[in-house]
Amino acid sequence: MKRRFTKIGGIIFTIVFIAVLFVPVQPAKAASSDPISFSVIKEYKSKVYATSTFCVSGWKLIKNAASFCIYNGNVYYLTTVEASAGYEQMLYSLKLNGSGKKLLAKFCGGGAYLKGSKIYYDGAANSEGKYHGIYCYDLTKKTRKLLVKNAYLVECDSKNIYYRNEKGLLYKCNYSGSGKSAYITAQGYDSGLFYKDYYYTISTDEGDFFRTEKANPTRFERITTNAAQSWHSFLIHDDYIYYSVGKSMYKCKVDGTEIKKLCSLQSKGYGGDAVKVVGPYLYFIDNYESGSNNCFLYRVSINGGSKKFMNKKWFMS
């Protein structure tokens with residue numbers, strides 16, 4: 001009896017094994033809970049896309065965009081248009097081939113994230129800035145909703161929206177706009193971004209980098225006393241921070257070690273803005289003079305060396 005049971009079990013196992021072989025394998029999908037940030041340079045299906053100001057030879061151009069993201073073959077982008085009250089920023093969508101352009105929302109700010117079928121962005125109710133805050137635009141229902149008043153979008157992760165209030169303090173809430181709570185309450189908080197933990201600068205501390213544990217924001221540490229200029233953008237890529245100090249671009253490990261100068265800048269002490277790491281290169285803006293029209297796009301090897309001039313179009317610093 002025991003032998004018969006073993007034989008039957010072996011037959012069942014064989015049938016199940018063969019059936020599994022013929023089950024079609026579903027392609028892996030990106031986690032729907034992960035938000036996609038808007039940016040000036042994006043990599044999508046082994047190609048690099050960029051706005052007109054940042055686009056270089058060999059990359060694909062996204063016309064009229066100030067920043068954008070790509071999802072399921074569609075481009076969602078922010079653009080600035082001239083209006084009676086000055087300039088206003090609008091949110092548009094179009095297909096990757098350039099067709100099907102649609103206006104989604106008016107009076108947008110600079111930061112935006114796409115999460116599922118919704119876009120979260122800085123915005124206002126009208127051109128005078130009434131009811132400025134964080135809005136949610138539903139791509140399916142074609143409606144928008146004010147989630148948090150008097151707030152400026154900083155970052156989004158799978159669970160929370162992080163924003164600055166009018167006093168410059170960092171708060172967080174969930175994607176419905178509820179559950180608001182203070183996140184970092186340091187005075188003088190300037191700018192920051194998430195990379196496993198939260199990295200930021202404090203302008204009253206000469207722009208030195210700080211790290212706060214994401215799960216426990218009451219614990220923080222100064223990770224470099226290199227006096228990074230907090231009024232310029234920095235980025236983190238593959239465990240390295242890229243940033244400028246005075247007339248040089250630098251990188252260091254996220255724990256503040258292995259500080260390395262990458263290249264010199266044309267800057268008269270105004271520093272540069274790290275934009276994006278693509279392949280073996282860091283792309284950055286060299287701010288020649290504060291507020292001047294002499295700010296250009298360069299690239300340098302992430303291992304350091306001579307910088308290369310990439311784009312003749314100027315940038316406002």
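Let's start at one small turn: strand 2 and strand 3 form a hairpin with two residues between them, and Lys 45, sitting in that turn, has a positive phi of about 50°. Keep in mind as you look around that this is a predicted model.

Stay with this hairpin for a moment. Strand 2 covers residues 41-44, and Lys 45 belongs to the loop between strand 2 and strand 3. What makes the phi of Lys 45 worth a second look is that the value is positive although Lys 45 is not a glycine. Is Lys 45 buried or exposed? Its relative accessible area is 68%, and anything over 50% counts as exposed, so Lys 45 is exposed.

Now follow the two arms of the hairpin away from the turn. Strand 2 and strand 3 run antiparallel and are joined by four bridges. If you want one pair to find on screen, try Lys 42, whose bridge partner in strand 3 is Tyr 49.

Strand 3 spans residues 47-51, and Thr 51 is part of it. Thr 51 gives you quite a contrast with Lys 45: Thr 51 has a relative accessibility of 1%, and because the cut-off for buried is under 20%, Thr 51 counts as buried. Which residues does Thr 51 touch, if you skip those up to four places away in sequence? They are Val 40, Leu 61, Ile 62, Ala 65, Ala 66, Ser 67 and Phe 68.

Time to zoom out. The protein has 28 strands and one helix. Of its 317 residues, 44% count as buried. The protein exposes about 17400 Å², and carbon and sulfur atoms supply 52% of that area. You can also ask how far along the chain contacting residues sit from each other: among contacts with a separation of 6 or more, 32% are between residues 24 or more positions apart.

Next, head further along the chain to another set of hairpins. On the way in, you pass Asp 239, found in the loop between strand 21 (235-237) and strand 22. Like Lys 45, Asp 239 is a residue other than glycine with a positive phi, here near 70°. Asp 239 has 26% relative accessibility, so this residue counts as partly exposed.

Right after that comes strand 22, residues 240-245, which holds Tyr 242. Tyr 242 has a relative accessible area of 2%, so Tyr 242 is buried. What surrounds Tyr 242, leaving aside its neighbours within four places in sequence? The contacts are Phe 234, Leu 235, His 237, Tyr 250, Lys 251, Leu 262, Ala 274, Val 277, Leu 282 and Ile 302. Take Ala 274 from that list: Tyr 242 and Ala 274 are 32 residues apart in sequence, yet their C-alpha atoms are 6.3 Å apart in space.

Strand 22 then turns back into strand 23. The two form a hairpin with two residues between them, and Gly 246 in the turn has a positive phi of about 60°. Strand 22 and strand 23 pair in the antiparallel sense over six bridges. One spot to check is Ser 244, which stands opposite Met 249 in strand 23.

Strand 23 runs over residues 248-253 and is mostly covered, with five of its six residues buried. Ser 248 is found in this strand. Ser 248 has 9% relative accessibility, so Ser 248 counts as buried. Beyond the residues up to four places away in sequence, Ser 248 touches Tyr 243, Lys 261, Cys 263, Ser 264 and Leu 265.

The chain turns once more here. Strand 23 and strand 24 form a hairpin with six residues between them, and Gly 256 in the turn has a positive phi of about 90°. Strand 24 covers residues 260-264 and runs antiparallel to strand 23, with four bridges joining them. Lys 251 has Lys 260 as its bridge partner in strand 24.

Last stop: a pocket. The second largest pocket has a volume of about 310 Å³. Its lining has 16 residues, and those nearest the centre are Asn 74, Tyr 76, Ser 93, Lys 102 and Leu 139. Which strands each supply at least two residues of this lining? Strand 6 (74-83), strand 7 (86-95) and strand 8 (102-105) do. Sorted by class, the lining has seven nonpolar, six polar and three charged residues.

Conventions: Residues are numbered from 1 along each chain as its sequence is written. This is a predicted model: local features need pLDDT of at least 70, side-chain atom pairs count only at pLDDT 80 or more; totals for chains, interfaces and linings use all residues. Side-chain values use heavy atoms; hydrogens and water are left out. Buried means under 20% relative accessible area, exposed over 50%, partly exposed in between (1.4 Å probe, protein chains only). Contact means heavy atoms within 4.5 Å. Accessible areas come from the Shrake-Rupley method with a 1.4 Å probe; for residues, only the protein chains shown count as cover. On a 1 Å grid over the protein atoms alone, a cavity is a set of points where a 1.4 Å probe fits but cannot get out, and a pocket is an open set with protein on both sides within 12 Å along at least five of seven lines; lining residues have an atom within 4 Å of a point. Grid points are joined across faces, edges and corners, and a volume is the space filled by probe spheres set on the points. Ala, Val, Leu, Ile, Met, Phe, Trp, Tyr, Cys and Pro count as nonpolar, Asp, Glu, Lys and Arg as charged, and the others, Gly among them, as polar. Two strands pair if DSSP finds at least two bridges between them.
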